[in-house]
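Hi,

Here is the structure I promised to pass along. Please have a look at it, and below you will find my notes on what turned up.

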Amino acid sequence: HHPETHLIPRILKAAQTGTAVKIFGTNYDTIDGTCVRDYVHVVDLARAHALALTSIVPGKGAVYNLGSENGFSVR
């Protein structure tokens, strides 16, 4: 993306360049003013996809919601 707006690539870029990460959206009704997200690790997401593939039944659909139920603020 140009310009990049996603948090993780912005954090990595800031670490590489030694600059600060600019956080957008600081007027939410939370303790630090940033939004709360339930971040999922990429390995957990990959495992969930593999498990979902093993549960496929022809002609039937399923919906899976992945998350820890514990949100963290962006800040």
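To begin with the surface: the protein chain has an accessible surface of about 6,600 Å², and 59% of that area belongs to carbon and sulfur atoms. Please keep in mind that this is a predicted model.

**Overall build**

The protein chain has two helices and two strands, and read from the N terminus the order of the elements is α-β-α-β. The radius of gyration is 17 Å, well over the 11 Å that the globule rule gives for 75 residues, so the protein chain is more spread out than a compact globule. Taken along the principal axes, the box filled by the C-alpha atoms is roughly 50 × 30 × 20 Å.

How many of the 75 residues count as buried? The share is 8%, where buried means a relative accessible area under 20%. As for contacts with a separation of 6 or more, 57% of them come from residues 24 or more positions apart.

On charges, the protein chain carries 7 positive and 6 negative ones, and the mean positions of the two sets lie 8 Å apart.

**Helix 2 and its salt bridge**

Searching the whole structure gives one salt bridge. Which side chains form it? They are those of Asp 44 and Arg 47, with an N to O distance of 3.9 Å. In general, side chains of opposite charge can pair when their charged atoms come close. The sequence spacing is worth a look too: Asp 44 and Arg 47 are three residues apart in helix 2, so about one helical turn separates them. The two partners fall into separate accessibility classes, because Asp 44 at 42% counts as partly exposed, whereas Arg 47 at 53% passes the 50% cut-off and counts as exposed.

Val 43 also sits in helix 2, which covers residues 42-54. With a relative accessible area of 38%, Val 43 is partly exposed. Its C-alpha atom lies 27 Å from that of Gly 18, and the two residues are 25 positions apart in sequence.

**Two loop residues**

Phe 24 belongs to the loop between helix 1 (7-17) and strand 1 (36-37). Is this aromatic side chain's residue, Phe 24, buried or exposed? Phe 24 is exposed, at 54% relative accessible area. From the C-alpha atom of Phe 24 to that of Ser 68 the distance is 24 Å, with their positions 44 residues apart along the chain.

Glu 69 is in the loop between helix 2 and strand 2 (72-73). Its backbone may catch your eye: phi of Glu 69 is near 70°, a positive value in a residue other than glycine. For context, most residues other than glycine have a negative phi. Glu 69 is exposed as well, with a relative accessible area of 79%.

That is what I have for now. Happy to talk any of it through with you.

Best wishes

How values were computed
Residues are numbered from 1 along each chain as its sequence is written. This is a predicted model: local features need pLDDT of at least 70, side-chain atom pairs count only at pLDDT 80 or more; totals for chains, interfaces and linings use all residues. Side-chain values use heavy atoms; hydrogens and water are left out. Helices (H or I, at least four residues) and strands (E, at least two) are DSSP runs, numbered from the N terminus. The radius of gyration is taken over C-alpha atoms; the globule rule is 2.2 Å times the number of residues to the power 0.38. Buried means under 20% relative accessible area, exposed over 50%, partly exposed in between (1.4 Å probe, protein chains only). Contact means heavy atoms within 4.5 Å. Accessible areas come from the Shrake-Rupley method with a 1.4 Å probe; for residues, only the protein chains shown count as cover. Lys and Arg count as positive and Asp and Glu as negative; His and the chain ends are not counted. The place of a charge is taken as NZ of Lys, CZ of Arg, CG of Asp or CD of Glu. A salt bridge is a side-chain nitrogen of Lys or Arg within 4 Å of a carboxyl oxygen of Asp or Glu.
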